[in-house]
Amino acid sequence: MSGGPAVRVSIESSCERQVQEVSLDGVETYVPPLSMSQNLAKLAQRIDFGQGSDSDGEELNGESRESDWSKQDPEEDGPMKFQPCLWPWDSVRNHLRSALTEMCVLHDVLSIVKEKKYMALDPVSQDPTVAKTPQVFQLISKKKSLATAAQLLLKGAEKLNKSVTESQEQRRQRDFNAELLHLRSQWKLRKVGDKILGDLSYRSAGSLFTHHGTFEVIKNTDIDLDKKIPDDYCPLNVQIPSDLEGSAYIKVSIQKQAPDIGDLGTVNLFRRQPKARPGSQAWHLKLEAAQNVLLCKEIFAQLSREAVQIKSHIPHIVVKNQIISQPFPGLQLSISLCHSTAEKKNQRSSPDKNKPDDHLYVLEHNLHQLIREFHKQNLSSSVMPHPASAPFGPKRLRLAGPMAYDKAEISSLQHSEGLLEKIVKQAKHIFLRSRTARTIDCLASRIEDPQIQAHWSNINDVYESSVKVLITSQGYEQICKSIQLQLNIGVEQIRVVHRDGRVIALSHQEQELQDFLLSQMSQHQVHAVQQLAKVMGWHVLSFSNHVGLGAIESIGNASAITVASPNGEYAISVRNGPESGCKVLVQFPRCQAKDLPKSDVLQDGKWSHLRGPYKEVHWSRMEGRNFVYKMELLMAALTPCP
């Protein structure tokens, strides 16, 4: 070896892990090594707990154990394998052994507690040499100790009282800040010096009212901290101007004209105070009431200004807190500002309690809507001109120059209805509509035949309403539908649209509408006879809505109809007037007329088939519930049997 060259020998290390699989390409997959927990479990499975339960068995089986371990030592060099339990009941045995151990321990503890031989408590012997102190010194020492304890308790109570007071003060401060934040979220606030001021006016919404409407926010310090704080306590309070305290509303009523202006005094009618909503603060209700008073004063000031400026045929009158206007002859529109304060609570019981409330709540609501529209117009009136070099103002006025408008057109562009003119027009319409409804109801309750029905439309305008009027006979609604009227109620007149499209304009006079409806009810009876004749097979000989013969009617004109039986032997003539009433005549054949004198001219028998003179029917004596039913019976009696 020393003479030859050195040869390198490569030695592979033995495989420490067992090969699990060899793939087709020669790659070997090894079994992964055991973790520490798996290795511990493997070692624990090798232990036989049954052999260590008895000491004698341990000595006898000591050699066998050593032999077993010596036998297992060579196996440790090989791969480690998990061993299953020695027998199926191994886990049950282990649990029973642990339960037995715990029961033994419990038995020993109970034996020590029950039997005194294991443990006893001996009293401590007192020293007999200590002399007994007199009772006086004992009382003095106890008194001093009690005084010291009482002093400590008082100091502690004083500290607790201070801490409670400070916490209440801090809580009040926190509550005040929270309420102030809540107030600021709903109302405009600003700080002027050391004061917090708020704004009640509608200037930000476009109002031009001169009242400042300022209120002050103050801290409520009237509560006593020693007493119990009430549930409705609020740490924040507001101070409003004296002229905005209390409640107010605008009273609008239509009544008969007063005989003398001197009879008009200050209206002193107050409504009941609204109940507080649950969960609402006192300052919130106070500010809402004050803002409502401010708005009512603005409305009344605007109406008073327009009442003085407007030039009308009948001038408007402003007396104290009332504005008097005359929409129709004999009627007056009263707009009053009713303001109640705390000093006038005793005056609320007025002697006019039994008097019906004539307040028109609809017009009061419309006044609030109109003033808000006026505010909106003030905000949107200043529109930037286009082009930028043009003057400020409405767009139509800027077009007046290029479009060459004359004075009349420019004045028409500048003219706009004021608050008072609009509310007067609405009051006229409301009064005309209520009087129309009252007229129709009076006729329906007074006249049973024919029947009149009114169907009011739910969709109306503030200046126009519509009602459909049907005139029918009971039991004959299907064949008697000729009279259907559409009444369009405006501001100063009523437009009547017939079924055939004819339009009639009526004034605001109540008698004119009543006469028109009476004439239509009179014509309905004649139309009902015409429709009934068609159903019964009779022939209509003549028909007229406006008869020129007979007595002259003071209301409208009389209408007439003549019908003949199917065989032509009988004829019925009906004349009905709004004032004269109904008159029914029957024409019989000549052969049935006994009192007809014989004529020397008509000698042929064929002339006997002609109808003779008319005879009036005692209409009130006929049986039947209405006019059409009586006419049906009369036609049935005069119709020959087939």
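Student: What makes strands β14 and β15 a pair?

Tutor: Two strands pair if DSSP finds at least two bridges between them, and four bridges join β14 (residues 494-497) to β15 (residues 503-506), which run antiparallel, so the definition is met. Strands here are DSSP runs of E with at least two residues, helices are runs of H or I with at least four, and both are numbered from the N terminus. One of the partners is Ile504 in β15, bridged to Val496, and the hairpin has five residues between its strands, with Gly501 in the turn at a positive phi of about 100°.

Student: How do you know which positions and atoms these values refer to?

Tutor: Residues are numbered from 1 along each chain as its sequence is written, and side-chain values use heavy atoms, with hydrogens and water left out. This is a predicted model, in which local features need pLDDT of at least 70 and side-chain atom pairs count only at pLDDT 80 or more, whereas totals for chains, interfaces and linings use all residues.

Student: Why is Gln587 called buried?

Tutor: Buried means under 20% relative accessible area (exposed is over 50%, partly exposed in between; 1.4 Å probe, protein chains only), and because Gln587 has 11%, the residue is called buried. Gln587 lies in strand β19 (residues 581-589).

Student: What is Leu287 in contact with, leaving aside its neighbours within four places in sequence?

Tutor: Contact means heavy atoms within 4.5 Å, and on that basis Leu287 is in contact with Leu183, Trp187, Leu200, Phe215, Val238 and Ile240.
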